[in-house]
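Hi everyone, thanks for coming. I'd like to walk you through a few local details of one model today, so please pull up the viewer and follow along.

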Amino acid sequence: MAHSADDDLIFIEEDRSPDNIADMDACWRILIVDDDRDVHEATEFALSGVEILGRRLHLMHAYSGREALTVLEREPDIAVALLDVVMESDDAGLKTVVAIRQDLMLLNLRIILRTGQPGQAPEADTIARYDINDYKTKSELTHSRLYTTLTSAIRSYNQLQRLDASRRGLEKIVAASNQFIAEKGLHSFAEGVITQLASLIGIAPEGLVCAASSDDEDHPEQFRVIAAAGRYSHLIQHRLEEIDNLHIAQSLNQALRNHYSTVGSRDITLYFRKNAEEGFAAYIESAEPIREVDQHLLEIFCTNIALCAKNIDLVNELRRDALVDRQVGLPNRNALVLELDRRLAEGAHNEVVALLDIDQFAATNDMLGHPYGDALLTATAQRLRALFDNSVFVARLAGDAFALAGQGRFLDTATIQRLFAHPFLIDEIDHPVSVCLGIAPLDGCSNGQDALKNAYVALRRAKALGIGQSVTFSPEIGQSAREHTLLLRDLRIAFERRELSIVYQPQIDLASGKVIGAEALLRWQRADGEFVPPDRFIPIAEQSGLIVSIGRWMLPEVLRSLKRLQAAGHEQLRMAVNISSIQLRQPSFLDFVNDSLAEAGVAPELLELEITESVALEGLDAMVALLDKLRSQGIRIAIDDFGTGYSSLNYLARLPFDHLKIDRSFVLSMDTSERGARIVRTIARLGSELDVKTVAEGVENQEIGQRLHAFGCGAVQGYHYAHPMDEASLLLWLAEHR
């Protein structure tokens, strides 16, 4: 049996007969499926002029999963698909694989998944079910690795195509490949090889032995039997030198050391290459002389099984990733849920799960850089693991959130908070860190998911209270969370049924007494007539992300209303609309605003967007750039609820804005507190120093309006001047106050 150092297994010489010349001149057709045109260009560049197995490559292109299926339906003789995991959707690649295998029935096409993020890797059972042949990150596929990967895939495709035309044994090989990729380790894999190989060449699974490198870290050069059948079953886990049959030991040893296969009169020793350094071998013995089996059939079998063996490592890696957070080396959320389920099944008593979240991590990460953030996460993981014994399960959930599970006496608030009493030494500098805690007892929980959900509820409550806060879950907190969930459900339904409405509150210039604009406000009246206060439903809309959809409905409605008010003679009326930080983070926000203005026919100078101080926590550089673009078009920016959130002179110096709005809580306190009056006066002076107009909310009597004017406040709104009203009422009110 011939062999070469360049091939995994060669049983016969390559066919160079004239009949094969046309075959050699043909091209291998490679389909590149990716929504990033740069990836297509980079792949073309890497494969320019490349030949594989004597043939040139013909590259074809598709930019979505749907387009790929159209190409494959029209051109079925494509050898390899380099398929992106994430395209028009997060699972577009996997859906395409399903369609290729199940709908188009292209079983020979080699599919190599590519992704820019290792976290997008498919689940192991998905690889097994849909015959994904390889998985690579895009950063892995350098020129040499891309060539190696394609060579392996094309060789497999070519052999499958030839066998398909002449050998029905292909069905067994494909079935074996699908079975083997799902095996949990090399031992189970080797047992499957014995069964499939015996079936393939028509012998009983007698006298079959599989051997591979030893698991012994001290003696990795030794070989050990990992599977055996028939009268050799007793040899499992024995070293080769312990086999009393010298011929078998020598045959396996030779194959494993020299990386090739041999054929004897009554036996065959096959070598299966996992990678350049390691593989495993199978010795097959027969009571009768082994007939002249089809060499191509065995070659195909060995090549496919070798590819499956290589993917065993991938499968194990995916399984590990399913339970381990690679960045910090701790168990992940999946592992935590399994651990909580185990503890509950064993009758956990007085045990808790505690979630901790690093305060202001995102802002700190933006300020000091991602390397600092990564170092802080690693240091936090190390401190948590080092300061608890093995009875406490430590995990990282996501981002800057960690979890602890164990006896409540070890995981009380004081104990955990003490862990962060000492600063972290990062880059030789001490960094104080505080955390918020949410603690939930396991008692009374039916499963780990329930316990974790309770802990999340407590953590959200703690974070709402401020930095360094801790909350332990209770039935009362659970009831509040359920009410929150029900309110969100009702809000979604109300939005879908168009039960939300818009009202307008006029804004008055204090110096002239003229109406200069109005603020658009959202209202929710249930079908039974009950009004839900904005301070109850708007935070829920923001937390759930529903505010984005609401905003996409509200802004065009407000601008159309403004256009009708202009047509009624109020040409210079300015309209203020509240915009949440979540809306500002949408990539298409600027286009959305411009499109809304154009559709309504309203000048940008008559639109004012009110933002809160919290935008300073969302990545200041990006926010400044966006607000600059808006203002450059004439749109005005107001800082709403000033003084009630993340107040900082640093962000005031950097954020571009035109108006500073004084929160109604400060204005209302002017009647009863001199301190409140001083705060309002200070904000008014600050606006003057910054050369921006201040607008006071919540003015309910004439005296407050006069004092605000004396403080230098530019404009006001409140019940003293007008209540919020619908468009029709506003039109009548404006007519009376023209």
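Let's begin at Y63, which you'll find in the loop between β3 (55-62) and α3 (65-74). Keep in mind that this is a predicted model. Is Y63 buried or exposed, or something in between? Its relative accessibility is 26%, so Y63 counts as partly exposed; the buried class would need a value under 20%, and the exposed class one over 50%. And which residue sits 5.6 Å from Y63, C-alpha to C-alpha? That is V33, and the two are 30 residues apart in sequence.

Now to the sheet that β3 belongs to. It is an open sheet of 6 strands, and reading across, the order is β2-β3-β1-β4-β5-β6, with mixed pairing. At the edges stand β2 (51-52) and β6 (134-137); each has a single partner strand, so one side of each is left without a neighbour in the sheet. For an example of pairing inside this sheet, take β4 (residues 80-84) and β5 (residues 110-115): they are parallel, with 5 bridges between them. If you want a pair to click on, A81 is opposite I111 in β5.

Next, a stop at the surface. D35, D36, D38, E41 and E44 together form a negative surface patch. One of them, E41, is in helix α2, which covers residues 37-46. Its relative accessibility is 52%, so E41 counts as exposed.

For contrast, let's move along the chain to strand β14, residues 351-358. How many of its 8 residues are buried? The count is 8 of the 8, so β14 is largely enclosed by the rest of the structure. As a reminder, in a regular strand the side chains alternate between the two faces of the sheet. In β14, one set is E351, V353, L355 and D357, pointing one way, while V352, A354, L356 and I358 point the other way. Note that E351 and D357 are among the buried residues too.

And which strands pair with β14? One is β16 (residues 401-407), joined to β14 by 7 bridges and running antiparallel; there, A354 faces L404. Another is β19 (residues 435-441), also antiparallel, over 7 bridges. On that side, V353 has A440 as its bridge partner.

That's my tour, so over to you for questions!

Key: Residues numbered from 1 in each chain as written. Predicted model: local features only at pLDDT ≥ 70, side-chain atom pairs only at ≥ 80, totals over all residues. Heavy atoms only, no water. Patch = residues over 30% accessible without salt bridge, like charges linked within 9 Å, V, L, I, M, F, W, Y side chains within 5 Å. Areas by Shrake-Rupley, 256 points an atom, 1.4 Å probe, with all protein chains shown as cover. Salt bridge = Lys/Arg side-chain N within 4 Å of Asp/Glu carboxyl O. Lys, Arg positive; Asp, Glu negative; His and termini not counted. Charge placed at Lys NZ, Arg CZ, Asp CG, Glu CD. Helix = DSSP H or I, 4+ residues; strand = E, 2+ residues; numbered from the N terminus. Buried < 20%, exposed > 50% of the residue type's maximum accessible area, 1.4 Å probe, protein only. Pairing = 2+ DSSP bridges.
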